[in-house]
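The following paragraphs explain how to read a protein fold by moving from one strand to its surroundings. Please keep the sequence and the structure in view while reading.

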Amino acid sequence: MDSERPTPILTVESLAAGYGSDWVVRHVSVQVGHGEIVTIIGPNGSGKSTLLKAVMGLVPSVEGSIVLDGVEMNGMRAEIRARGGIAYVPQEREVFRSLTVRENLLMGGSGLSRKAVKEAVAGIYEIYPFLPPLESKLAGRLSGGERKTLAMARVMMASPRVVLLDEPTSNLAPIPSARLLEHDVQALAKTGVSVVLVEQRAVQAIAAADWVYVLVGGSVEAEGDPDHIGGRGDIGRMFLGATSRPAAGPDVDGEG
């Protein structure tokens, strides 16, 4: 199945990560191809969010490697990984609520020249055409779905190569959740950016993906294309914790 995937830009190999002496992620290996949407699903406490934070450098890695386009990222600070092309959109506090939409975008492009900022904003407005009429509105007054999309737009200002989305539909109603997964995330990938999506809305997240990993108990329990994962008869049991592979290392501490 891997032979049909695009050339990897991000490769995580045998990664173990966690907080202090607790391993939340246990020897996880994932790949993300150029322009690919990779979805990571799994039950609460399976280590999905911790995996993203470890890739970003926000949680220490104990073992394994994180390679971005041939460059080893492990051991580098989060800001260096960001400059290298990895962007992270957290589940909470994803935008500057006291700033306007345009000001949020300008913050995302703070390291760019004036000309580059102008070009980047114009590109963002083409990807997300509902943003220009809102550019003078405070981000804190946007709807939940609009804030999530603004957060993606803000990180896109720096032209990242990989965007890590941590549960972007959290606290959203069904309609804006569907729009975000079916339209906004797809629009992001169509620009050539690779997307890693951690999501609790498993059915919608699988449908939005090019490749899916199922994380259970901090380890990859299954992977495949959406048809393969969606057609498995044991996904429900995995989410209920009935199929959990034993792994070396301390006990999982309950992180998502």
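In this predicted model, Ile 86 stands opposite Val 162, a residue of strand β7. Ile 86 belongs to strand β6, residues 86–89, which runs parallel to β7 and is joined to it by 4 bridges. Strands of a sheet pair through backbone hydrogen bonds, and the pairing may be parallel or antiparallel.

Strand β7 also pairs with strand β8, residues 194–198, in the parallel sense, over 5 bridges. Here Leu 164 stands opposite Val 196 of β8.

How many of the residues of β7 are buried? Strand β7 covers residues 162–166, and 5 of its 5 residues are buried. In a regular strand, side chains alternate between the two faces of the sheet. Accordingly, the two faces of β7 may be considered in turn: Val 162, Leu 164 and Asp 166 lie on one side, Val 163 and Leu 165 lie on the other, and both faces are covered.

The next element to follow is the helix that accompanies these strands. Helix α6, residues 174–190, forms a right-handed β-α-β unit together with β7 and β8. With 17 residues at 1.5 Å a residue, α6 should span 24 Å; its end C-alpha atoms are 23 Å apart, which agrees with that expectation. Helix α6 nevertheless has a kink of about 35°, centred on Leu 180.

An α-helix has 3.6 residues a turn, so residues three or four places apart point the same way. Among the buried residues of α6 are Ser 177, Leu 180, Leu 181, Asp 184, Val 185 and Leu 188. The elements that cover the buried residues of α6 include strands β3 (37–41), β7 and β8, as well as helices α4 (114–127), α5 (144–156) and α7 (202–208). After α6 comes Gly 192, whose phi is positive, near 100°.

Another part of the model offers an example of antiparallel pairing. An open sheet of 4 strands is arranged in the order β2-β1-β4-β5, with antiparallel pairing. Strands β2 (22–33) and β5 (71–72) stand at the edges; each has a single partner strand, so one side of each is left without a neighbour in the sheet. Helix α1, residues 48–56, packs on the sheet and touches β1, β2 and β4; its direction makes about 110° with that of β1. Within the sheet, strand β1 (residues 8–19) pairs with strand β4 (residues 61–68) over 6 bridges in the antiparallel sense. One bridge joins Ala 17 to its partner Ser 61 in β4.

Definitions and conventions: Residues numbered from 1 in each chain as written. Predicted model: local features only at pLDDT ≥ 70, side-chain atom pairs only at ≥ 80, totals over all residues. Heavy atoms only, no water. Buried < 20%, exposed > 50% of the residue type's maximum accessible area, 1.4 Å probe, protein only. Pairing = 2+ DSSP bridges. Right-handed = clockwise from strand over helix to strand, strands pointing away. Expected span 1.5 Å × (residues − 1). Bend = angle between axes of the 7 residues up to and from the residue. Contact = heavy atoms within 4.5 Å. Axes fitted to C-alpha atoms, helices over the stretch in contact; angles between N-to-C directions.
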